[in-house]
Amino acid sequence: MNIKVCGITQFKQLQQLEALNIDYAGLIFYKDSPRYMGDKITGKQVKEADFDLKKVGVFVNPGYSELLDAIDEYGLDIVQLHGNETPEMCEDVSGEVEVIKAFRIEDGAVNVDKLVEPYDAVCDFYLFDTAGLKESFGGTGQQFDWSILKKAKIEKPFFLSGGIGPDDAQKIKAFKHPDFFAIDVNSKFEMAPGLKDMAAILKFLQAFK
């Protein structure tokens, strides 16, 4: 099971995730997020670290030059586009790094295959998250109905996100889809916004063994 821990705001916690063999770590560049890492972690620290984990920069409706600057400054491996970015934006960025396009699932009436179709050729992964308030881009702490995804073909590796907590290991094991690639965890593993509970993450990892 591939695991992404998102919303890291301390370099020390990046190092701890590396020690736990976490696959992906998310750094949020969206200034309105309570987990905005801002100047809490410098590009120099991240770029010079010899990490095996993939560094994911999370953005919401960014400008192209903003993305390029962050990719260069932090040595990002992947960009996650979590807003209303166009397929054209995804295609432009995909020439630089791998791209995860996030989609917010509102209710059971959504046609997932129709939703992702315009992005099929222009990104590497999808991420499905819970839709929140209009101004909210993820981080709701709530789960959507995963069975919506079971009805969809999707045909691209995807991250399952939205309110996944320490007690959900069995539910995740029971979820089956040929393109299910990874889970994305965040707020349910925190002691405060941006401060992860590493003991909870370790216990969660052990539940998959």
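Where is the place of Pro-178? I looked there first and found Pro-178 in the loop between α7 and β8. A reminder to myself: this is a predicted model.

**Entry 1: the loop with Pro-178 and His-177**

I checked how open Pro-178 is, and it counts as exposed because its relative accessibility is 79%. Then I looked for something far along the chain to compare it with. Glu-155 is 23 residues away in sequence, and its C-alpha atom is 8.1 Å from that of Pro-178.

His-177 sits in this loop too, between α7 (169–174) and β8 (180–185). Is His-177 buried or exposed? I got a relative accessible area of 11% for His-177, so I wrote down buried. I also listed what His-177 touches, skipping its neighbours within four places in sequence: Leu-149, Lys-150, Ala-152, Lys-153, Ile-154 and Phe-158. With one of these, Leu-149, I noted a polar detail: a polar atom of the His-177 side chain lies 3.5 Å from the backbone oxygen of Leu-149.

**Entry 2: helix α1**

Next I went through α1, residues 11–19, and picked out the buried ones: Phe-11, Gln-13, Leu-14, Leu-17 and Glu-18. These residues are on the same side of α1, because they cover an arc of only 160 degrees around the axis. I remembered the rule behind this: an α-helix has 3.6 residues a turn, so residues three or four places apart point the same way. On the other side of α1 I found Lys-12 and Ala-19, both exposed.

What covers the buried residues of α1? I noted several elements, including β1 (2–6), β2 (24–28), α2 (43–48), β10 (195–196) and α8 (198–206). I also looked just past the helix, where Asn-21 follows α1 with a positive phi, near 60 degrees.

**Entry 3: aromatic rings**

How many aromatic pairs does the structure hold? My tally came to 19. I took Tyr-24 and Phe-159 as an example: their ring centres are 5.3 Å apart, the planes make an angle of 80 degrees, and the pair is edge-to-face. Tyr-24 belongs to strand β2 and Phe-159 to strand β7 (residues 158–160), so this pair ties together parts that are 135 residues apart in sequence. I checked burial for both. Tyr-24 counts as buried at 9% relative accessibility, and Phe-159 is buried with a relative accessible area of 0%.

Then I tried Phe-158 and Phe-175. Their centres are 6.4 Å apart and their planes are at 75 degrees, so I called this pair edge-to-face. Phe-158 is in strand β7 and Phe-175 is in the loop between α7 and β8, so the pair ties together parts 17 residues apart in sequence. Phe-158 and Phe-175 are buried.

I followed the ring pairs onward and ended up with a cluster: Phe-103, Tyr-119, Tyr-126, Phe-128, Trp-146, Phe-158, Phe-175 and Phe-180. Two rings of this cluster also turned up when I looked for charges sitting over rings. The charged end of Lys-156 sits over the ring of Tyr-126, 5.8 Å from its centre. Lys-171 has its charged end over the ring of Trp-146, 4.3 Å from its centre.

**Entry 4: Lys-4**

Lys-4 caught my eye in strand β1. I noted Lys-4 as buried because its relative accessibility is 0%. What joins the side chains of Lys-4 and Asp-184? I found a polar contact of 2.5 Å between them. Leaving out residues up to four places away in sequence, I also saw Lys-4 touching a list of others, among them Tyr-24, Phe-159, Val-56, Val-58 and Ile-183. Tyr-24 and Phe-159 are the edge-to-face pair from my previous entry.

**Entry 5: cysteines**

How many disulfides does the structure hold? I counted 0. Why is Cys-6 not bonded to Cys-90? The closest cysteine sulfur to that of Cys-6 is in Cys-90, and it is 17 Å away, so it is too far for a bond. Cys-90 is in no disulfide either, and its nearest cysteine sulfur, that of Cys-123, is 5.6 Å away. I checked burial here as well: Cys-6 counts as buried at 4% relative accessibility, and Cys-90 is buried with a relative accessible area of 0%.

Note on methods:
Residues are numbered from 1 along each chain as its sequence is written. This is a predicted model: local features need pLDDT of at least 70, side-chain atom pairs count only at pLDDT 80 or more; totals for chains, interfaces and linings use all residues. Side-chain values use heavy atoms; hydrogens and water are left out. Helices (H or I, at least four residues) and strands (E, at least two) are DSSP runs, numbered from the N terminus. Buried means under 20% relative accessible area, exposed over 50%, partly exposed in between (1.4 Å probe, protein chains only). A polar contact is a pair of N or O atoms within 3.5 Å; within protein, one must be able to donate a hydrogen and the other to accept it, and residues adjacent in sequence count only if both atoms are side-chain atoms. Contact means heavy atoms within 4.5 Å. The arc is that of the directions from the helix axis to the C-beta atoms. Rings of Phe, Tyr and Trp (its six-membered ring) pair if their centres lie within 6.5 Å; planes under 30 degrees apart count as stacked, over 60 as edge-to-face and the rest as tilted. A charge sits over a ring if NZ of Lys or CZ of Arg is within 6 Å of the ring centre and within 35 degrees of the ring normal. A disulfide is a pair of cysteine sulfur atoms within 2.5 Å.
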